[in-house]
Amino acid sequence: LDVHATGELRAGRSASLSAPPAGGRLRLLQIVETGTPVKAGDVVAEFDPAEQQYLLEQAQSELAEADEAITKMKADLAVQTSQDQVDLLTARFDVRRAELDARSPANLIGANEAKKRQLAVEEAKRRLAQLEEDMQSRVTTSRASLAVVDERRTKARLAAERAQQIIGSLTLRSPFDGLVVVKENTDASGGMFFTGMTLPELRAGDSMNSGRIVLEVYA
């Protein structure tokens, strides 16, 4: 007994593969033809990575420059800190010595000498206070400068990571075994459509915006 019926034959499983969100237009380097049988993981389309590779190299260069600047700044800060510690010890010693000199009885060294020694104490304390203030100012300035460069390094690192992620997404792979159906190149119409018009399928060399469906895989 033969049974005849009308209906629509549909695939039990399908997936749409789109141009990755890379920003701007993307150019196809290669794409399989409609009807091509593919296995899960097979490359079905690949976009030109040149722009993203340029952005990656630029970000990596900026990252290296920032790392080098931070290393130099930290080394300079270490040298300056060591020198400041020496200067601080010297200044404190000068204060202590001036205070000891000023303790001599005025009847033994004279009123004028006693006055000079007291002024020496005040001057030594002034220099110590100024040195401590300068040291704190340098620390604050150095931290601010390091923060600026560290922020630049973070931005460069994030830019490099994004470029690497986009480069990885420029290769489209089949999610499962099936047959490929390539989408039409609507740009070929020049924006004009009419009934019965046939558009060519997308092929290597065509360009498109991010997010556009490139092909479908049916199983």
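## Exercises: two sheets and a core

Let's start with one pair of residues: valine 43 in β4 has arginine 173 in β5 as its bridge partner. This is a predicted model, where local features need pLDDT of at least 70, side-chain atom pairs count only at pLDDT 80 or more, and totals for chains, interfaces and linings use all residues. Residues are numbered from 1 along each chain as its sequence is written, and side-chain values use heavy atoms, with hydrogens and water left out.

**Exercise 1.** Work out the strand order of the sheet that holds β4 and β5, and find which strands stand at its edges.

*Solution.* Strands here are DSSP runs of E with at least two residues, numbered from the N terminus. Two strands pair if DSSP finds at least two bridges between them.

1. Begin at β5: three bridges link this strand to β4, and the two run antiparallel.
2. Move on from β4 to β2, again antiparallel over three bridges; here leucine 28 has phenylalanine 47 in β4 as its bridge partner.
3. Then go from β2 (residues 25-31) to β7, once more antiparallel with three bridges. Arginine 27 sits opposite serine 207 in β7.
4. Put together, that's an open sheet in the order β5-β4-β2-β7. β5 (171-173) and β7 (207-209) are the edge strands, each with a single partner, so one side of each has no neighbour in the sheet.

**Exercise 2.** Do the job again for the sheet that contains β3 and β6: what is the strand order?

*Solution.*

1. β3 and β6 (residues 178-182) run antiparallel and are joined by two bridges. Proline 37 has leucine 179 in β6 as its bridge partner.
2. The full order is β1-β8-β6-β3, an open sheet of four strands with antiparallel pairing.
3. β1 (14-18) and β3 (37-38) are at the edges with a single partner strand each, so one side of each lacks a neighbour in the sheet.

**Exercise 3.** Which residues touch the most other members of the largest nonpolar core, and which strands feed that core?

*Solution.* A nonpolar core is a set of buried Ala, Val, Leu, Ile, Met, Phe, Trp, Tyr and Cys residues joined through side-chain atoms within 4.5 Å; buried means under 20% relative accessible area with a 1.4 Å probe, protein chains only.

1. The core has 22 residues, and Ile31, Phe47, Val214 and Leu215 touch the most other members.
2. At least two residues each come from β1, β2, β4 (43-47), β6 and β8 (213-218).
3. Another core, of nine residues, lies apart from this one; Ala91 and Leu131 are among its members.

Key:
Buried means under 20% relative accessible area, exposed over 50%, partly exposed in between (1.4 Å probe, protein chains only).
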